[in-house]
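Trainee: Can you walk me through this one? I'd like to start with the helices and then the pockets.
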Amino acid sequence: MATETVESLPPTLEANAEQPPLFDGTTRLYTSYTCPFAQRVWITRNYKGLQDEIKLVPLNLQNRPAWYKEKVYPVNKVPSLEHNGKIIGESLDLIKYVDSNFEGPSLVPNDPDKKRTLEELLSYADKFMGMLFASFKGDPEKEADAAFNYLEDALKKYDDGPFLLGRDFSLADIAYIPFVERFQIFLSEAFKYDIIAGRPKLAAWIEELNKIDAYKQTKTVDPKQLVEYYKQRFMVPKLSTPLRL
């Protein structure tokens with residue numbers, strides 16, 4: 001089982017922060033404590049027990065240092081990983097990279113059928129997110145139903161455990177949970193939409209994930225701030241209109 005180390009999180013770096021040394025042999029995860037994409041890699045790192053091997057460099061995305069774009073990662077997004085003299089980005093690529101290039105429990109199944117399912121779930125993740133973000137401006141009930149019914153059906157495929165690939169926690173769970181965490185909060189507050197209503201597998205999945213220390217340690221989002229941020233960013237119409245359940 002993965003380590004249950006609880007680390008003291010480093011402070012978030014603002015625009016005036018000094019840049020850490022680059023390519024000095026230290027492996028660094030440039031992240032944001034509030035970014036769901038970065039949270040994927042953070043969970044992976046924690047689950048594999050890499051808290052000492054991969055150092056967190058948290059950035060304030062609203063006031064990020066200029067050196068990050070100029071000298072570290074020109075794409076200027078998080079997450080990115082500094083490892084072996086190079087910078088790697090894109091969260092789904094990074095969770096695979098961390099799993100295959102570092103020690104610790106594997107997050108990819110040995111079973112060929114489950115490996116195929118893993119790739120299918122990872123490939124669908126962007127569509128899942130897109131449907132839900134679009135729903136904030138369109139028909140939340142229709143889009144949210146389709147997205148969460150997909151997850152409920154996916155969780156029915158294997159009966160040997162509560163996770164997306166059955167018994168074992170995997171990269172599939174890591175790809176989805178940061179977004180499900182946020183959508184559950186926002187859809188409930190903004191639209192009175194309960195994502196687990198009528199979805200027992202999804203409810204059990206969320207409950208089981210909340211027992212995993214590697215994930216719990218990354219749950220730093222303030223629900224009130226999240227709701228206000230999503231309201232402002234997505235200009236949600238009909239916020240006072242509850243969904244028909």
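Mentor: Here is a short tour of one helix pair and two pockets. This is a predicted model, where local features need pLDDT of at least 70, side-chain atom pairs count only at pLDDT 80 or more, and totals for chains, interfaces and linings use all residues. Residues are numbered from 1 along each chain as its sequence is written, and side-chain values use heavy atoms, without hydrogens and water.
Trainee: At what angle do α3 and α6 pack?
Mentor: About 145°, with their axes 11 Å apart. Helix α3 is residues 91-101 and helix α6 is residues 171-191. Helices are DSSP runs (H or I, at least four residues), numbered from the N terminus. Axes are lines fitted to C-alpha atoms over the stretch in contact, and angles run from 0 to 180 degrees between N-to-C directions.
Trainee: Which residues meet there?
Mentor: L92, I95, K96 and D99 in α3 meet L171, I174 and A175 in α6. Contact means heavy atoms within 4.5 Å. By class, that is 5 nonpolar, no polar and 2 charged residues.
Trainee: Switching to pockets. How much space is in the largest pocket?
Mentor: About 1,000 Å³. A pocket is an open set of points on a 1 Å grid where a 1.4 Å probe fits, with protein on both sides within 12 Å along at least five of seven lines; lining residues have an atom within 4 Å of a point.
Trainee: Which residues are closest to its centre?
Mentor: T34, C35, P36, F37 and L61, out of 34 lining residues. Helix α9 gives the largest share of the lining, 6 residues.
Trainee: And what is the volume of the second largest pocket?
Mentor: About 300 Å³. Its lining has 9 nonpolar, 3 polar and 4 charged residues.

Note on methods: Helix = DSSP H or I, 4+ residues; strand = E, 2+ residues; numbered from the N terminus. Nonpolar A, V, L, I, M, F, W, Y, C, P; charged D, E, K, R; others polar. Points joined across faces, edges and corners; volume = space filled by probe spheres on them.
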